[in-house]
Amino acid sequence: MTIKRRTFLAGSAAAAIASQFPIRLASAQDNVIRFSMPQDFTRVYTFVTAEYSQGQRDYLTLINERGGINGHRFVADVSDHGNDLPRAIEAYERAKSEGAVLVDPLSTPVARALVPRALEDKINMITAFSGRSDAADGSVFPYVLPLSPNYWTQAGLLIDYFRQVDGDLSGKKICFVHIDTPFGKEPLPILEKLAESQGFELLAFPYTPPGNDQSAIWPQVRRARPDWIMFWGAGVGQTVALTEAIRNGLPMDRLSSSVWLSESDMEVVGAAQAAGVMKVEPCVSGREPRLIQDILAEVVGAGKGAGPEDKVGTSYYNYGVMLASLMVEGVRVAFEKAPDGPVTGEWLNAGLRAITGFDAEGLIPPTTITPEDHQGGGQARIGRWDGEKFVAETDWFSANQDVVWEEIRKYSAEFKETGQ
Amino acid sequence: MDMLLIAELSINGVFVGLMYALVAAGIVLIYKTSGIANLAQGALAMMGGYAAWAFATLAGLPIWLWLPAALVAMFFAGALLERLALRRMVGQPIIMVIMLTLGIEIMLRGILPGFFGSSVKRLDIGIPTTPLFVGELFLNRATLIGGAVSLATILLAILFFNSRLGIIMRAVSDDQTASWSVGIKVERAIALAWGLSAVMATIAGVLWGATQGVDWSLSLLLIKALAIAILGGLDSLPGVVIAGIIVGLAESLATGIVDPIVGGGTRDVVASVIIVLTLILRPHGLFGREHIERV
């Protein structure tokens with residue numbers, strides 16, 4: 001078979017037109033703001049993604065049902081990248097071609113890999129509780145937005161809480177049991193600095209990922225006779241850590257973790273046995289917050305919920321609502337600044353970086369995002385498991401931000417210089 | 001050096017090693033009968049854990065019902081796997097059969113969490129979580145009971161291989177053609193081995209599920225099980241007991257002694273080093289039969 005020149009040219013023209021189709025399709029959909037949410041539903045982040053995504057989608061449905069923002073409705077493109085970089089990059093490129101102005105991958109390796117693309121394409125990448133901690137420095141990472149306390153801040157908050165309870169940490173012993181991955185080791189520099197400045201002894205116990213057998217770790221922790229214990233992992237690593245702590249007879253009211261502890265974990269461990277354990281709460285958990293009540297009434301009640309009703313109000317569900325509400329607030333502020341758009345990544349970026357004192361009707365601490373601070377002030381509170389639910393042990397507070405920002409600036413300067 | 005800590009780690013390591021050995025025993029069981037190294041044994045343990053959780057939680061059965069139900073269901077699942085997938089591979093190169101078991105491992109690891117939900121599931125077999133101290137020595141009840149049950153199960157398997165049915169399976173392992181010629185139903189013997197192996201995997205899945213919860217990570221037991229099966233000898237059930245104790249001890253002591261020195265988790269490195277060293281220095285393992293090819 002031979003191809004005539006005319007056929008070849010016609011075919012090429014058709015292909016060229018077809019390749020433009022998704023972009024034209026996206027721009028043809030008037031009054032739609034597209035958020036891309038390729039997340040890990042099947043591999044590493046399985047412990048959180050389903051509930052987090054459900055919370056996000058339910059909140060966006062709530063806003064859409066109320067008419068959207070400024071007549072614009074939200075489209076959440078949810079897909080599974082399985083924590084796999086090629087799949088995540090493919091999803092990102094698809095989102096870009098479809099006109100997405102924001103992407104939320106909820107995965108540290110994926111977020112790290114996408115940083116250069118997001119910066120170049122000017123697409124806002126949300127990296128809540130994941131990604132680079134130094135992305136809090138908005139002057140270096142203008143399009144990477146954690147919008148939440150990073151791991152350095154979380155470690156700083158816990159240490160400050162210990163100080164508040166004990167009065168002084170001098171001479172105390174703090175054990176840090178962590179998964180032996182970059183994520184698990186991330187708080188170490190902050191903890192080492194605080195140990196030096198506050199005079200406590202820091203003992204680190206790394207365990208092999210994913211942490212399904214920690215039986216040789218916790219006897220060592222027990223024998224160290226610590227004053228406080230922090231355990232730092234995710235998924236099965238957290239439930240095993242907590243179970244082993246109980247089996248070793250360690251006091252639950254001296255045991256604490258990051259944001260990665262949920263009601264589901266407590267069910268696995270045994271809700272009553274885990275009573276007393278603490279976590280960092282970036283938002284209120286449970287169904288009491290006004291927004292969760294609204295979702296129950298207007299979304300779930302109307303049969304439009306994105307998942308099981310019993311998951312509404314869990315910690316990770318509320319994290320999803322928290323982040324979705326911040327994204328939508330960014331859109332609202334963007335409309336305030338430029339009512340006629342056009343709706344682009346740059347346009348949304350201006351809104352996200354001008355969120356001021358937003359508390360999502362009491363769900364989150366008053367959050368202010370600035371072009372310099374993408375963390376939002378680094379506020380959270382300490383929640384304690386009472387056997388049935390997490391209850392607030394403190395009010396919203398931030399702590400040790402001087403040490404945290406020293407670290408943020410150190411690494412962001414390194415990125416600025418080397419691109420790494 | 002804190003000798004009490006070393007003693008705790010050693011005792012704990014022995015019992016954890018025995019729990020690993022139960023998964024390895026399933027690999028040995030299939031290898032002894034059909035000459036195949038089953039790389040899906042970790043996924044079968046995970047499947048057993050999910051089956052037990054489903055009968056316990058979704059069906060709401062009491063433990064005296066859900067445990068036998070899970071064991072019976074998994075026996076048939078194992079036998080069915082052999083009938084539908086493995087038997088079709090008769091006559092194919094052995095590497096293709098091993099690749100098939102690897103494919104089954106990957107498939108089960110994807111399908112089961114997708115079907116049951118990917119969060120960790122609670123599996124309660126009634127082991128108290130209150131600490132157990134003998135003098136100043138701490139003993140982990142979960143690993144103590146898990147190790148004891150594992151050892152008992154492996155001993156039962158050794159006894160089984162000395163029964164009439166076991167001797168038939170050993171004959172099949174030695175020479176399938178000769179077994180056929182004397183009227184042994186070779187396919188049935190191999191299917192039985194797969195069924196029993198799935199039962200052992202289920203017991204392991206339940207014990208580990210009670211220790212860590214049920215989720216995809218149960219399938220990671222394969223790596224430890226392989227290290228133990230290779231060290232003990234792929235065709236030696238007593239070998240897996242000894243190898244299990246060695247691997248468990250080595251891992252536990254490495255965590256207590258080497259980790260603080262190198263500042264990292266070395267637990268999994270131990271299993272990898274054991275696999276590599278055994279294959280280089282003694283390919284048939286400590287107690288395995290050395291195969292001599294006559295040319």
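# A walk through chains A and B

In chain A, strand β8 (residues 228-232) runs alongside strand β9 (residues 255-257), the two pairing in the parallel sense over 3 bridges. This is a predicted model, and the pairing is a convenient place from which to begin reading it. Across the pair, A:F231 of the one strand stands opposite A:S257 in β9(A), while A:I229 has A:L255 in β9(A) as its bridge partner. In general, the strands of a sheet pair through backbone hydrogen bonds, either parallel or antiparallel.

β8(A) also has a partner in strand β6 (residues 173-179) of chain A, to which it is joined by 5 bridges, and these two strands likewise run parallel. Here A:V177 stands opposite A:F231 in β8(A), so that residue can be followed from one pairing to the other, given that A:F231 also stands opposite A:S257 in β9(A).

How many of the residues of β8(A) are buried? The strand is mostly covered, with 5 of its 5 residues buried. In a regular strand the side chains alternate between the two faces of the sheet. In β8(A), A:W228, A:M230 and A:W232 point one way, whereas A:I229 and A:F231 point the other way, and all of these residues are buried. A helix also packs here: α5 (residues 151-166) of chain A lies across β8, β9, β10 (278-281) and β11 (381-385) of chain A, and its direction makes about 130° with β10(A).

These strands belong to an open sheet of 7 strands in chain A, whose order is β7-β6-β8-β9-β10-β11-β12 and whose pairing is mixed. At its edges stand β7 (201-207) and β12 (390-392) of chain A, and because each has a single partner strand, one side of each is left without a neighbour in the sheet. From one strand to the next, the twist of this sheet averages 30°.

Chain A holds another open sheet, this one of 5 strands in the order β2-β1-β3-β4-β5, with parallel pairing. Its edges are formed by β2 (73-80) and β5 (144-145) of chain A, each of which has a single partner strand and therefore has one side without a neighbour in the sheet. Within this sheet, strand β1 (residues 32-39) and strand β3 (residues 102-103) of chain A pair in the parallel sense over 2 bridges, and A:F35 has A:L102 in β3(A) as its bridge partner. Helix α3 (residues 85-97) of chain A packs on the sheet, where it touches β1, β2 and β3 of chain A, and its direction makes about 175° with that of β1(A). Another helix, α2(A), lies across β1 and β2 of chain A and runs at about 160° to β2(A).

UniProt, in an unreviewed entry, places the feature "domain: Leucine-binding protein" at residues 37-387 of chain A. That span is 41% helix and 14% strand, and its end C-alpha atoms lie 33 Å apart. One residue to look at in chain A is A:G345, which lies in helix α13 (residues 345-352). Is A:G345 buried or partly exposed? Because A:G345 has 19 C-beta neighbours inside 10 Å, it counts as partly exposed. Leaving aside neighbours within four places in sequence, A:G345 is in contact with A:V101, A:D121, A:K122, A:I123, A:N124 and A:Y143.

Turning to chain B, an unreviewed UniProt entry places the feature "transmembrane region" at residues 12-31, 93-112, 138-161 and 189-210. Residues 93-112 of chain B are 95% helix and 0% strand, with end C-alpha atoms 29 Å apart, and residues 189-210 of chain B are 100% helix and 0% strand, with end C-alpha atoms 32 Å apart.

Where the chains meet, the contact takes 34 residues from chain B and 32 residues from chain A. On the side of chain B that touches chain A, the elements that give two or more residues are α1 (3-34), α4 (94-116), α5 (141-160), α10 (237-262) and α11 (267-281) of chain B, and the largest share, 6 residues, comes from α1(B). The residues of that side divide into 9 nonpolar, 16 polar and 9 charged.

Helix α4(B) can be followed further. At 1.5 Å a residue, its 23 residues should span 33 Å, and its end C-alpha atoms are 33 Å apart, which agrees. In this helix B:V97, B:T101, B:E105, B:L108, B:R109, B:L112 and B:P113 are buried, and what covers the buried residues includes α2 (46-65) of chain A together with α2 (41-58), α3 (63-86) and α9 (221-232) of chain B. After α4(B) comes B:G117, whose phi is positive, near 95°.

Conventions
Residues are numbered from 1 along each chain as its sequence is written. Chains are lettered from A and ligands numbered from 1 in the order in which they are written. This is a predicted model: local features need pLDDT of at least 70, side-chain atom pairs count only at pLDDT 80 or more; totals for chains, interfaces and linings use all residues. UniProt positions are given in the numbering used here, feature names are shortened, and annotations may be inferred rather than shown by experiment. Helices (H or I, at least four residues) and strands (E, at least two) are DSSP runs, numbered from the N terminus. Two residues are in contact if their C-beta atoms, placed from the backbone, lie within 7 Å. Ala, Val, Leu, Ile, Met, Phe, Trp, Tyr, Cys and Pro count as nonpolar, Asp, Glu, Lys and Arg as charged, and the others, Gly among them, as polar. The expected span of a helix is 1.5 Å times one less than its number of residues. A residue is buried if 20 or more other C-beta atoms lie within 10 Å of its own, exposed if 12 or fewer, and partly exposed in between; C-beta atoms are placed from the backbone. Two strands pair if DSSP finds at least two bridges between them. Axes are lines fitted to C-alpha atoms, for helices over the stretch in contact, and angles run from 0 to 180 degrees between N-to-C directions.
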